[in-house]
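Good morning, and thank you for making time for this presentation. I should like to take you through one structure, beginning with a single residue and working outwards.

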Amino acid sequence: MTKNGYIAAFLWAIVLINTTATYAIDIEIESGITFDVDTCTLEIDGNIRNNGILQLSSGTINLGGNWLNSGNFISGEGVVTLNSSSSAQTVTTGGESSAFKILTITNSHSSGVTFADALHCETLN
């Protein structure tokens, strides 16, 4: 499944993604929102901006844009892959309490990946 556009989660809601999907968009999670990726693979060509709760139980997020976390990221046993080949990527982790379980970096752009704050992860590939 491929989606184009923009996903914005507003007000009081819980969004559960339980299917493998590709999104050529930005995903913005507003304060008060829980966005649960569960066990699927989510391909995102745009950015993730998290101001709410982003939960990754045991699934995978493949991200071509920036990771901007000022909310709560719960990595569970999930994997986040930074995989842009066409642009540099910036990561704001949001601190140790929002650490990655497994972070894989396959970005092949000449500017690579920049961490705006400290990198916190259990396993770095």
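**A phenylalanine and its surroundings**

Let us begin with F100, which is located in strand β13. Please bear in mind throughout that this is a predicted model. Is F100 buried or exposed? F100 has a relative accessible area of 2%, and because the limit for a buried residue is under 20%, F100 counts as buried.

Which residues does F100 touch, leaving aside those up to four places away in sequence? The list comprises W67, F73, S75, V80, V91, T93, L119, H120, C121 and E122. One further distance may be of interest: the C-alpha atoms of F100 and L124 lie 8.8 Å apart in space, while the two residues are 24 apart in sequence.

Two of the contacts of F100 deserve closer attention, namely W67 and F73. How many aromatic pairs does the structure hold? There are 3 of them. In the pair of W67 and F73, the ring centres are 4.9 Å apart and the planes meet at 85°, so this pair is classed as edge-to-face. Both W67 and F73 are buried. F73 also pairs with F100, and here the arrangement is tilted, with 5.6 Å from centre to centre and 55° between the planes. F73 belongs to strand β10, residues 72-74, whereas F100 belongs to strand β13, residues 100-105; the pair therefore ties together parts that are 27 residues apart in sequence. Through these ring pairs, W67, F73 and F100 are linked into a cluster.

Remaining in strand β13, we come next to T104. T104 has a relative accessible area of 17%; since buried means under 20%, T104 is also buried. Beyond four places in sequence, T104 touches V79, V80, T81, L82 and N125. V80 thus appears among the contacts of T104, as it does among those of F100.

Let me now turn to the overall architecture. The protein chain contains 15 strands and 0 helices. Of its 125 residues, 39% are buried. For contacts between residues at least 6 apart in sequence, 19% join residues that are at least 24 apart.

How do the strands pair? Strands β5 and β8 run parallel and are joined by 4 bridges; within that pairing, L42 has I61 in β8 as its bridge partner. Strand β8 also runs parallel to β11, again with 4 bridges, and there N62 is partnered by T81 in β11. T81 is one of the residues that T104 touches.

A further set of pairings involves β12. Strand β9, residues 67-69, pairs with β12 in the parallel sense over 2 bridges, and L68 stands opposite T92 in β12. On the pairing of β12 with β14, residues 113-115, the sense is likewise parallel, over 3 bridges; V91 stands opposite F115 in β14.

Which side chains of β12 point to the buried face? In this strand, residues 89-92, Q89 and V91 point to one face and are buried, while T90 and T92 point to the other and are not buried. As background, side chains in a regular strand alternate between the two faces of the sheet.

We move on to the nonpolar core. The largest one has 21 residues, and those with the most contacts inside it are V37, L54, I61, W67 and V80. Two or more residues come from each of β3, β4, β5, β8, β11 and β13. The element that gives the most is β3, with 3 residues. In soluble globular proteins, nonpolar side chains tend to be buried together.

What of the cysteines? C40 is buried, at a relative accessible area of 5%, whereas C121 is partly exposed, at 27%. The structure holds 0 disulfides.

Finally, a word on confidence. The protein chain has an average pLDDT of 82, and 81% of the residues score at least 70. Where among the elements are the lowest and highest mean values found? Strand β1, residues 2-9, has the lowest, at 40, and strand β11, residues 79-82, has the highest, at 96. Over residues 1-16 the pLDDT stays under 50, and for that stretch the model has 45 contacts beyond four places in sequence.

To return to our starting point, F100 is buried, and ring pairs link it with W67 and F73 in a cluster. Thank you for your attention.

Notes. Residues are numbered from 1 along each chain as its sequence is written. This is a predicted model: local features need pLDDT of at least 70, side-chain atom pairs count only at pLDDT 80 or more; totals for chains, interfaces and linings use all residues. Side-chain values use heavy atoms; hydrogens and water are left out. Rings of Phe, Tyr and Trp (its six-membered ring) pair if their centres lie within 6.5 Å; planes under 30 degrees apart count as stacked, over 60 as edge-to-face and the rest as tilted. Buried means under 20% relative accessible area, exposed over 50%, partly exposed in between (1.4 Å probe, protein chains only). pLDDT is the predictor's confidence in each residue, from 0 to 100. Contact means heavy atoms within 4.5 Å. A disulfide is a pair of cysteine sulfur atoms within 2.5 Å. Two strands pair if DSSP finds at least two bridges between them. A nonpolar core is a set of buried Ala, Val, Leu, Ile, Met, Phe, Trp, Tyr and Cys residues joined through side-chain atoms within 4.5 Å.
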